[in-house]
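Got the structure open in your viewer? Take a short walk through it with me, one selection at a time.

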Amino acid sequence: MRTAPAAATSAVGDPGSGTPPPTPDMNEVVGRDDLLLVTLDTLRHDVAARLAAEGRIPNLAAHLPGGAWERRHAPGSFTYASHQAMFAGFLPTPEGPGPHPRLFAARFPGSETTAGRTWVFDTPDLVSGLAGAGYRTVCVGGVGFFNKAAALGSVLPGMFQESHWEPEFGVASPTSFEAQVACAERVVAGLPRDRRLFLFLNVSAMHQPNWFHSPGATAANGDSSETHAAALEYVDRHVGRLFDAMRSRRRCFVIVCSDHGTTYGDDGYTGHRLAHEAVWTVPYAQFSLSHEEPTG
């Protein structure tokens, strides 16, 4: 039985500051480790930072360098745009003045953020680049842009060799993350141990509607920053299972971040796909999970 969050093997920045750890050499990581990219869709940085500081997301906080989220700028203001950028190697950007070397980059002349530690690919996107490097690429979708019932919803998951989406993973499901984690566990269990895995999981729980994650709330109460926070607490209660599955085969390099934030009446705005501090500022973390065999 899991009794406490296991420690990550990442380097640590200044305690509590959210400053980034030293950049790993991704040329060593790719090909050696499994890779996990988790996008906490719509998660606001201020909410994530507050919950980490208050001890309300212990399973996530146990892996955050310095115990705090790094503050970054989103590459887009809504899911589709932001994921297109991330899958091209443009992860959320550190908020301080750059240039900021990237972990992954497509090879193209004149790039100022491709450095010696950057893993460079020659394909149009990171997903196909990793597939070419021998990884099994798997998408577990969440919000509607990953619902393959529509042509637009097929674009992002269509980048992957294998993709999964069902209504239970979507924004209207109160148990969406549990269902997504169960899917990820099946993916890991069914993959040959010698095959490297790139697993991408888009968490839908924080996206509107999220009122049902707050005890006693009704649809009439609507969504708020507090129900948004309750959704992140819900995710934290189950994220340990995802990390355990991903570390069960070998060491795993992990990126957990938001793709964009959202507004709940801030300066009169509601929602996202707009230019506002609450939308552009997102939480980010990267760390490694040491290999740990399941205990039964």
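**A tour, from the outside in**

Start with Arg 273, which is exposed, with a relative accessible area of 60%. You'll find Arg 273 in the loop between strand 11 (residues 270–271) and helix 8 (277–280). Check its backbone too: phi is near 60°, a positive value in a residue other than glycine. Keep in mind as you go that this is a predicted model.

Now pick Thr 42, in the loop between strand 1 and helix 2 (45–53). Its phi is also positive, near 80°, and again the residue is not a glycine. Is Thr 42 buried or exposed? Thr 42 counts as buried, at 0% relative accessibility.

**The sheet**

Next, switch to a cartoon view and look for the open sheet of eight strands. Going across, the order is 3-2-12-9-1-8-6-7, and the pairing is mixed. Strand 3 (93–94) and strand 7 (162–164) are the edge strands, each pairing on one side only.

Select strand 8, residues 196–203. Seven of its eight residues are buried, so strand 8 is largely enclosed by the rest of the structure. Which strands pair with strand 8? Strand 1 (34–40) does, in the parallel sense and over six bridges; to see one spot along that pairing, show Leu 35 and its bridge partner in strand 8, Phe 198. Strand 6 (135–140) also pairs with strand 8 in the parallel sense over six bridges, and there you can show Tyr 135 with its partner Arg 196.

Carry on from strand 6 to strand 7: these two pair in the parallel sense over three bridges. Cys 139 stands opposite Ser 163 in strand 7.

**A hollow inside**

Time to look for empty space. There are three cavities of 30 Å³ or more, and the largest holds about 80 Å³ of space. To find that one, select Leu 35, Leu 36, Leu 37, Leu 91, Phe 104, Leu 126, Leu 130, Phe 198, Phe 253 and Ile 255, which line it. Strand 1, helix 5 (126–132) and strand 9 (252–257) are the elements that give two or more residues to this lining. Strand 1 gives the most, with three residues. What classes of residue make up the lining? It has ten nonpolar residues, with no polar and no charged ones.

**Cysteines**

Now show the cysteine sulfurs. How many disulfides does the structure hold? Zero. Take Cys 252, whose closest cysteine sulfur is 14 Å away, in Cys 257, too far for a bond. Cys 257 has its closest cysteine sulfur in Cys 139, at 14 Å, which is again too far for a bond. Cys 252 is buried, with a relative accessible area of 0%, and Cys 257 counts as buried at 0% too.

**A buried arginine**

Jump to Arg 247, in helix 7 (225–247). Arg 247 is buried, with a relative accessible area of 1%. Turn on its side chain and look for Ser 290: the backbone oxygen of Ser 290 lies 3.0 Å from a polar atom of the Arg 247 side chain.

**Two cis prolines**

Finish with a pair of peptide bonds. The bond from Gly 98 to Pro 99 is cis, with omega near 5°, and Pro 99 is found in the loop between strand 3 and strand 4 (104–106). The bond from Gln 208 to Pro 209 is cis as well, with omega near 0°. Look for Pro 209 in the loop between strand 8 and helix 7.

Conventions. Residues numbered from 1 in each chain as written. Predicted model: local features only at pLDDT ≥ 70, side-chain atom pairs only at ≥ 80, totals over all residues. Heavy atoms only, no water. Buried < 20%, exposed > 50% of the residue type's maximum accessible area, 1.4 Å probe, protein only. Helix = DSSP H or I, 4+ residues; strand = E, 2+ residues; numbered from the N terminus. Pairing = 2+ DSSP bridges. Polar contact = N/O pair within 3.5 Å; in protein donor to acceptor, adjacent residues only side chain to side chain. Disulfide = S-S within 2.5 Å. 1 Å grid on protein atoms, 1.4 Å probe; cavity = no way out; pocket = protein on both sides within 12 Å on 5 of 7 lines; lining within 4 Å. Points joined across faces, edges and corners; volume = space filled by probe spheres on them. Nonpolar A, V, L, I, M, F, W, Y, C, P; charged D, E, K, R; others polar.
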